[in-house]
Amino acid sequence: MPSIIGFYSLIFGFFSSIILIFFSIKDYKNSNSFDKKILIFSFLQFLFVVISFFGLILSFVNSDFSNETVFNHSHTTKPLFYKISGTWGNHEGSLLLWLLVLTSFIYFFLIKSNNQPKKYRILTLLFQEIIIIGFFIFLIKTSNPFNYIFPIPEEGLGLNPILQDPALAIHPPVLYLGYVGSSIIFSSALAATTENYLSREWAKHIKIWVLISWIFLSLGILLGSIWAYYELGWGGFWFWDPVENVSLMPWLALTTLLHCIVVMEKKLILSSWAVILSITAFTLSMCGTFLVRSGILNSVHTFASDPERGVFILIFLFFLIFLSLFIFFFFYKGDKKNTNSFFLLSKETSILVNNWFMMYFLSVILVGTTYPIFLDVISSQQISVGPPFYHKLIIPFLIPFLIAMAIGPKLRWIKSGIEDKKYLITLFLISLIITILVVINLDVKFLLNTVLITSALYLFFITVRDFFIKKFSSFSQNIAHFGFSLLILSILFNNFLTTETIVNLKVGETHTTEKFKIKFEDVDQLSEKNYKVIIGKFNVENKTDGRSDILYPELRIYNQPNIVTSEAYIKTNLFLDKFITMNYVQNKEHFNIRYQTKPLMIWIWISVVFISLGGLTSLFKKKHES
Amino acid sequence: MKVKFFPSFLFLILILIFLIFYKGLNKSNIYSPDNIIEKKIPSFSGKQFYNNLYITSEEIFDEEKFYLMNIWASWCVPCREEHSFLMKFKKLDGLEIIGLNYKDKNENAKTFLSELKDPYDLIIVDRDGTIAIEWGAYGVPETFLIYDKKIVKKVIGPLNDDLFFEIKDLIK
């Protein structure tokens, strides 16, 4: 029953969109006031999608296997929480979530943009409706989440166990709010270009939306990364997997856009950047959907490869790209007051410089992600691009990037001198000395790492100093930059100081290294609702201080589908993560034990939270002012 | 109207990217990381199970078709287990199932098939196990997915639900 309601609700939603377009065009041409009907129909459109989405959730909760999506991705023995999260853990459901976010954003946009010019609002709505209708057709035609199957199966096929994880259950909705949030920026930028409304007021008003998508995207990426660390059991948090890359690319575009908007708010320049980046951010989100959903790339996130779906998204994606470029080239008039007076030492110059760096990082990732496809098509060679490629091309450029991040905010708008900036040099020297002292003691390449750590530390010190001196002015910028320096530092030291031991052990055996002793004390077996679990008990004794930890890694044997997953046991404190996993070896008497110590792991997560906090405080400051 | 250089250039580049993505989509994506280099199937000849006539591999395998080659024996317990999956495969369109009856007695094999039903479109007898060796098989049961006279996928041990759906996806 909920499935049927869901399906018809989807159809009604589709019709409301078409009616909405009709009214908007009529209103755009004729009247001077904003037609109330538009608001009503955009609410209806949103409401129908909400009903449809809840219909699907209910089908999942009731384990209604007459619904094909539920049958393929759920099982009666699954805990309620994962039944619900199963709703968006598949292609059809996640597209319905896309649609939900698309329609909700345009509705709230219309409510919140009362003080904006009417024609601009309606055009934004129209562009957004093009996207929405595209997704309605895509959903109904190729990926209907409410397909009925008969005879009704007794039992579902189950959700992939590695997706049964709390962080991953909320990862898609959060990430989608970021991805799809960029659609409203896209529509609004196109509308503003057409209406020649690229002004400081526009920048001020769109900044909120940029911030919202940016915050959600940052948190979404963070959640995905945490999941990879806990669940995949390799002890890493970022693998440069194509799907991770496609989430990072819109993030880079949005971050750059955010900086441009800040400049635009103060001084009407960089508006072409803002428009191009708005287009880029959304197209990259779409491109991500295309790459992931079409099966053109092989990845953990590929749900099902169906060429028909791929072709649809591809054509739709390029339609949007051509449409937006057409609008940009025909309507864009250039900055209104063309005061192209860039001084070398000014805030806007440093932001511009960092924009170029960010664009460089983005291109590296874009090339690395799509190159295998191009090569495959052109020469039928199959390759995959791994971390070394990204590290080689990105790390050296982080150095000037970090330094510009430290010094840039110290400069004034328009023109600035270097008077009274002695502390800039002092802090640099302090960072350099500390770094040299630290790096000498590490077994790493001296020159590159010294420069890298120095620049990260430099940013760190400068932002810390600002917390004390400037107190609350430019607090959000400062906290975000502080978070970024912390992120780079934690990643670097985490990389340098991680140790790893891999050994095969039987119960009762002990493995000794120079620093610690691992004793395999016991195994235990338990039965949970939808899996059996084998728990190992390990005693790891640290030889230097004699303290020991008891660690309990798990092996889970899920019933539906029948898959064994390895659950890492991680003991976290502020300085060090102790990470242990175990796995079957062929004869099932020995277990393969992988023990890692990973310093400063938790700081990687904390620093991303700081970065997002920067966005959040900026959002609230905004609300206070207006 | 003057045609601007940059927009037209960008337009061309984008068209090119579109075409490449489009071609990339239609390229069959059937490879798994462990056998990226698809091996050609070995050529062999063997007796047919029901009529004792000789048949060669060239006669069995067409190029543009999927085949599932399953090595089985009546004495092999896991073969019983996977039998239901073979019956499921039988219902799929565009897939022919070839059985290789490995080191088995004809009588026993026939009872096995009459008891559990016969999923195979063709069965070849491998009395001394030489054909299985040519295929590089480890033991029974073992299953090969073949397309274009190449081994697309190799399954060691009995088939299961996951493999069923994986193979079903591959042959779509």
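**Exercise 1. Find how confident the prediction is along chain A.**

Solution. Begin with the average over chain A, which is a pLDDT of 86 (the predictor's confidence in each residue, from 0 to 100), and add that 92% of the residues score at least 70. This is a predicted model, in which local features need pLDDT of at least 70 and side-chain atom pairs count only at pLDDT 80 or more, while totals for chains, interfaces and linings use all residues. Residues are numbered from 1 along each chain as its sequence is written, and chains are lettered from A, with ligands numbered from 1, in the order in which they are written. Next, look at the elements (DSSP runs numbered from the N terminus, helices being H or I with at least four residues and strands E with at least two): in chain A, confidence is highest in helix H2 (residues 36-61), at a mean of 94, and lowest in strand S7 (residues 564-567), at 79.

**Exercise 2. Describe the side of chain B that touches chain A.**

Solution. First count the residues in contact (C-beta atoms, placed from the backbone, within 7 Å): chain B gives 17 residues and chain A gives 19. Then locate those of chain B, where helix H1 (5-26) and helix H6 (161-170) each give two or more residues, and the largest share, eleven residues, comes from H1(B). Finally, sort this side of chain B by class (Ala, Val, Leu, Ile, Met, Phe, Trp, Tyr, Cys and Pro are nonpolar, Asp, Glu, Lys and Arg charged, and the others, Gly among them, polar), which yields nine nonpolar, four polar and four charged residues.

Key
Contact = placed C-beta atoms within 7 Å.
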